[in-house]
Amino acid sequence: MRLCVPIGCALLVLAPWARSQIVFGPAGTTTLAGNAAPDFAAADLDGDGFDDLVIGNAGAPGLRLGDGAGHFGAETPLATDAAGGTVALADMNGDEMLDLVVGSSQTSQLYVALADGKGGYEPAFGYGLGNRTLVNGLTLDVRDGDGAGDTDVLAVTPAPQFGSALGEARLFRNLGDGHLGVIAVLPTWTVGSKISRGLLGDLNDDGRPDLVLLYDAGQVAPMKTFAYLCQPDATFEPCWQQTGVAPERLADLDGDGDLDLLLGPGPSMTMLNPGDGSFAPGPVVPAMDIEAIVNEPTDLDSDGVLDLVVTGHVPPELWVLHGVGDGSFLEPSARVSLYPVSYGAGAGEVGDFDGDGRPDVVVGISPMAVPASLSCSLNRTYAAGGPLLDLGHQLKGASWPIQLAQGSFTTGQPFAFTLSGAPASGSAYFIAGTSQLDAPFKGGTMVPLPFLITGPWPASPSGTVSIAGLWPAAPSGLGLVLQFWIPDAAGPVGFAASSGVQLTLP
């Protein structure tokens, strides 16, 4: 394809460019056995530069090797005597190798198996947990909870929905060599409110591990969240409480060095820590139909600010919220359709699944009555200072269309604009302009001020369109705005659209 650029258009005054958006590519699917996605952890375990997945099971965990393209191979069991459906990977003894932390509330056991340096694991250390449940509900928060430079473990056995068992939080402090010592067991606060999950971290910068715990009485009373400060004698004293909120993650969301609280989905998702372990409401976050927060807040675009990956449901989708740096997040700037069935986006992990140094995302999908799957979306955010900038404004049809641009955009060099998410064997129009219009159109936003419309371009049976070739001669510094529009009966007015992309020719 030859892209023709009328030189006169280069004299137009460019509209101010929008802020750069985070970009994720279309999801790749790995089918699992059964209809429930397991717990899993991500790391490069075979040294090929691509992160792999360790899968939780009733017995020994399994390993699925990443292929570098967002898919994972057949599951093979790990040779270890550690067992359980809840898994984590962490350097537990300071040798810069990832060790295995695994457990289950069904067996009421926690295990730590140290890496042996040969691709396997040494015999595991076992630790008892105080309660048992019929179905594994154990949650682990594995991190340096006290600033000592080693990895501690908070194991929360939630109380079952019915019955008299109340659950507990058991804090294990690393003894420095990967062995753990129990320093606290926190049972349920009151009989009427059962422990559900917890978070670990130093909330007041005193070098001791503090806790944030959620207690839930089901429909009997509102859930309550407490923050507990560790005292010099290793007892814990509550320092803050809040009714009706669900803690999800601890992270420094406003860059002041203190751990802030990221709450469950809602318009007020952040509470900021003034440094004493209490929390005050932070900036309002856009209210969205969020299913789950995928992982720890992560800097996805290398701007020094933590961003947030969440899932939406019906059908399951991946959304990325760009962090502002004051504890707030912008509206989703990247939306990816994960699975066509309207059920069940679950646990997720952030990792580098294609070896390019950028954080990608994999999410477990449990669609009921059909096999579960792992849905992996690769980070395609454009580098700061480069020729490309994503401008947002996707418009959903049957799925979310995604435009990805590639190339140096110098004369005679290969380039490609690739669309995914069009209807199978459908078509798309490619629209170019030299300035932004950002005007309402067909239920969405026409990003370019059009001067060139090409198409219809035929889509493949998988719903992709690729416009590629050798870049033509064009003036250096010329700005182009490019967007796909797709006839799609599921769109608001029979159309869907990709986000706009700004291209500034080098």
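**Strands, loops and contacts in a predicted model**

Biologist: Lysine 442 is found in the loop between which strands?

Modeller: The model is predicted. In it, phi of lysine 442 is near 50 degrees, a positive value in a residue other than glycine. Lysine 442 sits in a loop, with strand S32 (427–441) on one side and, on the other, S33.

Biologist: Does lysine 442 count as buried or partly exposed, and at what relative accessibility?

Modeller: Buried would need a relative accessible area under 20%, and exposed one over 50%. Lysine 442 falls in between, so the residue counts as partly exposed, at a relative accessibility of 33%.

Biologist: Which residue is joined to glycine 455 by a cis peptide bond?

Modeller: Most peptide bonds are trans. Here omega is about 5 degrees, and the bond is cis. The partner residue has its place in strand S33 (residues 444–458). The residue joined to glycine 455 is proline 456.

Biologist: What is the phi of alanine 234, which is not a glycine?

Modeller: Most residues other than glycine have a negative phi. Alanine 234 lies in the loop between strand S16 (224–230) and strand S17 (236–243), and is partly exposed, with a relative accessible area of 30%. Its phi is positive, at about 70 degrees.

Biologist: How many helices and how many strands make up the secondary structure of the protein?

Modeller: Helices are counted as runs of at least four residues, strands as runs of at least two. On that count, the protein has zero helices, and its strands come to 37.

Biologist: Why is the protein said to be as compact as a globular protein of that length?

Modeller: The globule rule gives 23 Å for 506 residues. The C-alpha trace spans about 75 × 45 × 40 Å along its principal axes. The protein is as compact as a globular protein of that length because its radius of gyration is close to the rule, at 25 Å.

Biologist: What share of the 506 residues counts as buried?

Modeller: A residue counts as buried under 20% relative accessible area. The accessible surface of the protein comes to about 20,100 Å², with 56% of that belonging to carbon and sulfur atoms. Of the 506 residues, the buried share is 52%.

Biologist: How far apart do the centres of the positive and negative side chains lie?

Modeller: The protein has 18 positive side chains and 54 negative ones. The distance from the centre of one set to that of the other is 7 Å.

Biologist: Which are the edge strands of the open sheet with the order S2-S3-S4-S5?

Modeller: This open sheet has four strands with antiparallel pairing. Within it, three bridges join strand S3 (residues 52–55) to strand S4 (residues 62–64), and leucine 53 has arginine 64 as its bridge partner in S4. An edge strand pairs on one side only, and the two here are strand S2 (40–43) and strand S5 (76–77).

Biologist: Which residue in the turn of the S7 and S8 hairpin has a positive phi?

Modeller: Strand S7 (residues 99–104) and strand S8 (residues 109–113) pair in the antiparallel sense over five bridges, with glycine 103 opposite leucine 110 in S8. Four residues lie between the two strands of the hairpin. The turn residue with a positive phi, about 55 degrees, is serine 108.

Biologist: Which residue in S9 does valine 112 stand opposite?

Modeller: S8 also pairs with strand S9 (residues 125–128), in the antiparallel sense and over four bridges. Opposite valine 112, in S9, stands phenylalanine 125.

Biologist: What is the relative accessibility of glutamine 403?

Modeller: Glutamine 403 has its place in strand S30 (residues 402–407). Leaving aside neighbours within four places in sequence, its contacts include Tyr382, Phe417, Phe430 and Phe484. The cut-off for buried is under 20%. Glutamine 403 counts as buried because its relative accessibility is 1%.

Biologist: Which residues does glycine 407 contact, leaving aside its neighbours within four places in sequence?

Modeller: Glycine 407 is also found in strand S30 and counts as partly exposed, at 36% relative accessibility. Contact here means heavy atoms within 4.5 Å. With the sequence neighbours set aside, the contacts of glycine 407 are Pro414 and Phe415.

Biologist: How far apart in space are serine 399 and threonine 411?

Modeller: Serine 399 lies in the loop between strand S29 (388–392) and S30. Not counting residues up to four places away in sequence, serine 399 touches Ser337 and Gly421. Serine 399 and threonine 411 are 12 residues apart in sequence, while their C-alpha to C-alpha distance is 35 Å.

Notes
Residues numbered from 1 in each chain as written. Predicted model: local features only at pLDDT ≥ 70, side-chain atom pairs only at ≥ 80, totals over all residues. Heavy atoms only, no water. Rg over C-alpha atoms; globule rule 2.2 N^0.38 Å. Buried < 20%, exposed > 50% of the residue type's maximum accessible area, 1.4 Å probe, protein only. Areas by Shrake-Rupley, 256 points an atom, 1.4 Å probe, with all protein chains shown as cover. Lys, Arg positive; Asp, Glu negative; His and termini not counted. Charge placed at Lys NZ, Arg CZ, Asp CG, Glu CD. Pairing = 2+ DSSP bridges.
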